[in-house]
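Student: Could you take me through the salt bridges of this structure, one pair at a time, and then show me what surrounds the ligand? I would like a careful answer that I can follow with the model open beside me.

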Amino acid sequence: MKRIKIKDLLAHGEVGAKVTVKGWIRTFRSNRFIALNDGSTINNLQAVVDFENTDEDLLKRLTTSAAVAIDGEVVESQGKGQSIEIVVEKIEILGDADPDEYPLQPKRHSLEFLREKAHLRPRTQVMSAVYRVRNALAYGIHKFFNEKGFLYMHTPIITGSDAEGAGEMFRVTNFDPLNPPKTEDGEVDYKEDFFGKAVNLSVSGQLEAEVGAMSMGEVYTFGPTFRAENSNTSRHLAEFWMIEPEMAFYDLDDNMDLAEEMIKYLIDFAMEQCPDDLKFLDQRYAQEQKGKPQNERSDLGLLERLDFVSKNDFERLTYTEAIEVLKRSKPFKKGKFKYPVDWGIDLQSEHERYLVEKEYKKPVILTDYPKDIKSFYMKQNDDGKTVRAMDVLFPGIGEIIGGSQREESYDKLLTRMNEMGVPQEELWWYLELRKFGTAPHSGFGLGFERIVLFVTGMGNIRDVIPFPRAPKSAEF
Ligand code: ATP
Ligand code: MN
């Protein structure tokens, strides 16, 4: 018999049909009821065993996480919670899971504990739900951009420029670490290395994506990104995935419109593709909120919040306006912010979250940041002080997107690079984009795990990527 996936069986299974299903046992109750899951859906299939006519040794092997193949007949379910179940006719154990050794119990484990079992945690409801939502969002990204006629572009993972990285990059080398070739001055001689120069893992594909935009018009990248930042936070990973659209002939307003449209599309797409997973995550979120102090609880449930964000316009204001709002705020006046608020500072997460969660109660897009806290490539405003940057700020997370209109003037870009000590020998090709057929253009970077965090309502970024990479942590 051909195997049917549990998701399809639960959706279309007809009473009386004979089917084969394969999966892992979630639970086995009363020597009779198997809850079987194969990863295709959060919902388990109930398989009813005729224990009187089943070998006792076999019954003993029906333990949590054992892999089994079951032939059976679809019947209307007697119990509540599902409409159909199967009556087992034949059961084959594909792989035992010794209950004395298997580390996960059919009970709620802490997410911290599950992180140490990254090879088994997708067998839990919560993690499998997260991974399916993650998958839907990844698919949604490609779908969104393809429908809009954007070209998917692959930018290099190994990069020869560290212009953006500023000390946060992972060096890639195949030197013997104990004995690298040295120059006469005693420094490591990267001319002798594989690429004939020092190279790193990329912190962003933007600069190369601009090459795409300035020829193909509208492109996007979606790839892994590496940052050796020692920030052990619940929102930073050392290896994460980033989506970076880059568009010719877009100004900052066009850029903001695209970012907002994309996020709303992704939220709607996830809700359409993963209703059962999100319902489960909504309940998990509600449970978790109960454990929090009153003032840290979210006003809205997870699904309510997704719906709210997808249906309401984001608030747009300038950095300068935001500083004024912060200075008028209660926490500022009462000295509750840990970090100072002054024009020119880089906003801290506490400031961003105040704006989003307390002041506007919706996503906020801040624009026109001071040039000294932003990158060299952002388009300079006429005031000489600010650049056409935009950050999209989200409840519970803070920054989810960072982007800008790019400086298209060769002279202004060159001057800024010199002021900021960005080596032009390395970025000669980037400068040449401004020399030959330059045009206004814009783009942004969306941290993929941050949108997964938002949509799943999970609290820690390490729980929304299968194998998190963080300082002192690269098991698996
Ligand atoms: P943050 O202030 O949160 O560190 P950033 O200003 O360094 O962000 P950008 O360089 O603008 O971020 O990168 C674009 C997006 O990539 C961010 O908006 C965020 O969503 C995501 N991002 C940045 N750093 C990380 C990280 N270490 N782990 C996961 N996502 C990240
Ligand atoms: Mn950062």
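**Salt bridges, a buried leucine and the ligand**

Tutor: Arg132 and Asp277 form a salt bridge in which the closest N and O atoms are 2.9 Å apart. Arg132 belongs to helix α4 (residues 125–147) and Asp277 to helix α7 (residues 275–290), and this pair links distant parts of the chain, with the two positions 145 residues apart in sequence. Both partners are buried, Arg132 as well as Asp277. Please keep in mind throughout that this is a predicted model, and that a search of the whole structure finds 28 salt bridges, of which I will describe a few.

A second pair to look for is Lys264 with Asp313, whose side chains meet in a salt bridge at 3.7 Å, taken from N to O. Lys264 lies in helix α6 (residues 252–273), while Asp313 sits in the loop between α8 (302–311) and β12, so this salt bridge ties together parts of the chain that are 49 residues apart in sequence. The two partners can also be described by their accessibility: Lys264 counts as buried because its relative accessibility is 14%, which is under the 20% cut-off, whereas Asp313 is exposed, because its relative accessible area of 55% is over the 50% cut-off. These two residues also belong to a network of salt bridges that links Asp257, Glu260, Lys264, Asp313 and Arg316.

A third pair lies within a single helix. Arg416 forms a salt bridge with Glu419, and here the closest N and O atoms are 2.5 Å apart. Because Arg416 and Glu419 are three residues apart in helix α12 (residues 410–420), about one helical turn separates them. Arg416 counts as buried, since its relative accessibility is 6%.

From the charged pairs we can turn to a leucine. Leu317 is found in strand β12, which covers residues 315–318, and with a relative accessibility of 6% Leu317 counts as buried. If its neighbours within four places in sequence are left aside, Leu317 is in contact with Ala322, Val325, Tyr360, Val364, Ile365, Leu366 and Thr367. Take Leu366 from that list: Leu317 and Leu366 are 49 residues apart in sequence, yet from C-alpha to C-alpha they are 5.2 Å apart in space.

Finally, let us look at the surroundings of ligand 1. There are 15 residues around ligand 1, and those that come nearest are Glu229, His236, Glu399, Ile400 and Arg450. Sorted by class, the shell is made up of six nonpolar, four polar and five charged residues. Several polar atoms can be followed one by one: a nitrogen atom of ligand 1 is 2.5 Å from an N or O atom in the side chain of Glu229, an oxygen atom of ligand 1 is 3.2 Å from a polar backbone atom of Gly447, and an oxygen atom of ligand 1 is 2.8 Å from an N or O atom in the side chain of Arg450. Taken alone, ligand 1 exposes 590 Å², and the protein buries 78% of that area. The elements that give two or more residues to the shell are β11 (239–248), β15 (398–406) and β16 (441–447), and among the contributors β15 gives the most, with four residues.

Key
Residues numbered from 1 in each chain as written. Chains lettered and ligands numbered in written order. Predicted model: local features only at pLDDT ≥ 70, side-chain atom pairs only at ≥ 80, totals over all residues. Heavy atoms only, no water. Near = heavy atom within 4 Å. Polar contact = N/O pair within 3.5 Å; in protein donor to acceptor, adjacent residues only side chain to side chain. Areas by Shrake-Rupley, 256 points an atom, 1.4 Å probe, with all protein chains shown as cover. Nonpolar A, V, L, I, M, F, W, Y, C, P; charged D, E, K, R; others polar. Buried < 20%, exposed > 50% of the residue type's maximum accessible area, 1.4 Å probe, protein only. Contact = heavy atoms within 4.5 Å. Salt bridge = Lys/Arg side-chain N within 4 Å of Asp/Glu carboxyl O.
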